[in-house]
Amino acid sequence: MTQYARIRIAWPKGAASAVLSDTPTARALVKALPLKARAQTWGEEVYFEIPVAGKVEPNAAQVVPAGTVCFWVEGSSLALPWGRTPISDGDGPKLVTRCNVLGMIDGDAKQLASVRPGDTIAISME
């Protein structure tokens, strides 16, 4: 997929950049920016509700590489896994359901480990 946009994801103890691919959900996310949300965690995944609706896209996946920027359709949430979740079969992330793949975190996704439940997450264009 072609690169569509770069976003910045910031929280009290850190920040990360991500590259989004050109997908319908990624375009909807960019239109909703800037936005703030309250972080939740699920194993080694951060997720938070955003004001975006979407449908499951052909590239949706349940098992993704660490650092994948995902959109959980049923929960209207961005999901940012950096490691194992409670349902992982191996060392990598396994999402609760198939999620739309929007892009990838630049650099080490393990920096997301410093996000705490309830932290304010700010997402903006980079």
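How many disulfides does a search of the whole structure find? In this predicted model, the search returns 0 disulfides. The cysteine sulfur closest to that of Cys-70 belongs to Cys-99 and lies 5.7 Å away, which is too far for a bond, given that a disulfide requires a pair of cysteine sulfur atoms within 2.5 Å. The relation holds when viewed from the other residue, since Cys-99 is in no disulfide and the nearest cysteine sulfur to its own is that of Cys-70, at 5.7 Å. With regard to solvent, Cys-70 has a relative accessibility of 0% and therefore counts as buried, and Cys-99, with a relative accessibility of 1%, likewise counts as buried.

Charged side chains were examined next. The structure holds 4 salt bridges, among them a contact between the side chains of Arg-6 and Glu-126, in which nitrogen and oxygen are 2.8 Å apart. This pair links distant parts of the chain, as Arg-6 belongs to strand E1, which spans residues 3–11, whereas Glu-126 lies in the segment that follows strand E10 (120–125), and the two residues are separated by 120 residues. Arg-6 is classed as partly exposed because its relative accessibility is 29%, and Glu-126 falls into the partly exposed class with a relative accessibility of 47%. The contact between Arg-6 and Glu-126 also does not stand in isolation, for Arg-6, Asp-106 and Glu-126 are linked in a network of salt bridges.

A further salt bridge joins the side chains of Asp-22 and Arg-27, with a nitrogen-to-oxygen distance of 2.5 Å. For Asp-22 the relative accessibility is 34%, so that this residue counts as partly exposed, and for Arg-27 the value is 34%, which again places the residue in the partly exposed class.

Another salt bridge is formed between Asp-89 and Lys-94, whose closest N and O atoms are 3.4 Å apart, a separation that satisfies the criterion of a side-chain nitrogen of Lys or Arg within 4 Å of a carboxyl oxygen of Asp or Glu. In this pair, Asp-89 has a relative accessible area of 67% and is therefore exposed.

Taken together, the search for disulfides gives 0, with Cys-70 buried and Cys-99 buried, while the 4 salt bridges of the structure include the contact of Arg-6 with Glu-126, that of Asp-22 with Arg-27 and that of Asp-89 with Lys-94.

How values were computed
Residues are numbered from 1 along each chain as its sequence is written. This is a predicted model: local features need pLDDT of at least 70, side-chain atom pairs count only at pLDDT 80 or more; totals for chains, interfaces and linings use all residues. Side-chain values use heavy atoms; hydrogens and water are left out. Helices (H or I, at least four residues) and strands (E, at least two) are DSSP runs, numbered from the N terminus. Buried means under 20% relative accessible area, exposed over 50%, partly exposed in between (1.4 Å probe, protein chains only).
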